[in-house]
Amino acid sequence: MAELIKLYEENPNPKQVEKVVDVLRKGGLVIYPTDTVYGLGCDITNSKALQKLARIKGIKLEKANWSFICADLSNLSDYVRQIDSSTFKILKRCLPGPYTFILPGNNNLPKDFKKKKTVGIRVPDNNIARALVAGLGNPIVSTSIRDEDDILEYTTDPELIHEKWDNLVDVVIDGGYGDNVASTVIDLSSGVPEVVREGKGNLDIL
């Protein structure tokens, strides 16, 4: 049974945030708000949690293309190869924001992602998501819970999300209604911006 925890984006309660972080540290799965659709995530360093996430999504872990949710860009070099200044300027201009950037991965990626040549980096403009990552001390691996077969409310109303995912995850955070448009995905792995998926992010910012 998933616990439903209410958090306010303007000022997330530190005790409640720490409670969720503790669940993540212990290998739990958490559904949380971002600046786009609600995300489903776990600790990037926890293999058992990653395997569980892959099972729920019905894919093999090694084939999963999930986002690394970061609190800011300060730890980028932990997971991404050195990037040029023009690429970094794009990241600085767009983040925090509703974008996922595909960047070249480095040799320090956690063991479950060692074979990945690229990683998707995301810094949501949402205080709850960033507080969770900051408390955890490393990124949350995340996938959207958007399901094309579901009615729209399932992706936006946290109470309906809790009802649907109750037996699959450990915590659902109620951070208010979510959006129903996913992030814009931009591939910067070659140094030249290439739009993979148009979403909430404004492409004019590039």
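**Close-up 1. Helix α2 packs its buried residues against β3 and β7.** In this predicted model, the buried residues of α2 make contact with two strands, β3 (39–43) and β7 (140–144). Helix α2 itself runs over residues 47–57, and the buried positions in it are Ala-49, Leu-50, Leu-53 and Ala-54. Looking down the axis of α2, you will find these buried residues within an arc of 140°, so they line one face of the helix. Turn to the face directed away from that buried side, and you meet Lys-48 and Arg-55, which are exposed.

**Close-up 2. Both ends of α2 are worth a look.** At the start of the helix, Asn-46 offers a side-chain oxygen that comes within 3.2 Å of the backbone nitrogen of Lys-48. At the other end, just after α2, sits Gly-58, whose phi is positive at about 70°.

**Close-up 3. Phe-68 and Tyr-79 meet edge-to-face.** The model holds three aromatic pairs. In one of them, the rings of Phe-68 and Tyr-79 are edge-to-face, with 5.8 Å from centre to centre and 85° between the planes. Phe-68 belongs to strand β4 (residues 67–69), while Tyr-79 sits in the loop between β4 and α3 (85–94), so the pair ties together parts that are 11 residues apart in sequence. Phe-68 and Tyr-79 are both buried. Do include Phe-113 in this view too: together with Phe-68 and Tyr-79, Phe-113 makes up one aromatic cluster.

**Close-up 4. Tyr-99 and Phe-101 are stacked.** Here the ring centres of Tyr-99 and Phe-101 are 5.9 Å apart, and the planes differ by 20°. Tyr-99 and Phe-101 are each buried.

**Close-up 5. A salt bridge joins Glu-3 to Lys-19.** Across the whole structure there are eight salt bridges, and in this one the side chains of Glu-3 and Lys-19 come to 2.7 Å, N to O. The partners come from distant parts of the chain, 16 residues apart: Glu-3 from strand β1 (residues 3–6) and Lys-19 from helix α1 (residues 14–25). Glu-3 is partly exposed, at 34% relative accessibility, and Lys-19 is partly exposed as well, at 38%.

**Close-up 6. Asp-22 and Lys-26 form another salt bridge.** The N to O distance between the side chains of Asp-22 and Lys-26 is 3.0 Å. Asp-22 has a relative accessible area of 32% and is partly exposed, whereas Lys-26 reaches 65% and counts as exposed.

**Close-up 7. Asp-179 pairs with Lys-200.** The closest N and O atoms of this salt bridge are 3.2 Å apart. Asp-179 lies in the loop between β8 and β9 (184–187) and Lys-200 in the segment after β10 (194–197), so the pair ties together parts that are 21 residues apart in sequence. Asp-179 is partly exposed, with a relative accessible area of 22%; Lys-200 is also partly exposed, with 39%.

**Close-up 8. Asp-166 is buried yet has no salt bridge.** You can find Asp-166 in the loop between α6 (158–165) and β8 (171–174). What is the nearest side chain of opposite charge to Asp-166? That would be Lys-52, which is 12 Å away. A polar atom of the Asp-166 side chain does, however, lie 2.8 Å from the backbone nitrogen of Ala-2. Leaving aside residues up to four places away in sequence, Asp-166 touches Met-1 and Ala-2.

Conventions. Residues numbered from 1 in each chain as written. Predicted model: local features only at pLDDT ≥ 70, side-chain atom pairs only at ≥ 80, totals over all residues. Heavy atoms only, no water. Helix = DSSP H or I, 4+ residues; strand = E, 2+ residues; numbered from the N terminus. Buried < 20%, exposed > 50% of the residue type's maximum accessible area, 1.4 Å probe, protein only. Lys, Arg positive; Asp, Glu negative; His and termini not counted. Salt bridge = Lys/Arg side-chain N within 4 Å of Asp/Glu carboxyl O. Polar contact = N/O pair within 3.5 Å; in protein donor to acceptor, adjacent residues only side chain to side chain. Contact = heavy atoms within 4.5 Å. Phe/Tyr/Trp six-rings, centres within 6.5 Å; stacked < 30°, edge-to-face > 60°. Arc of directions from axis to C-beta.
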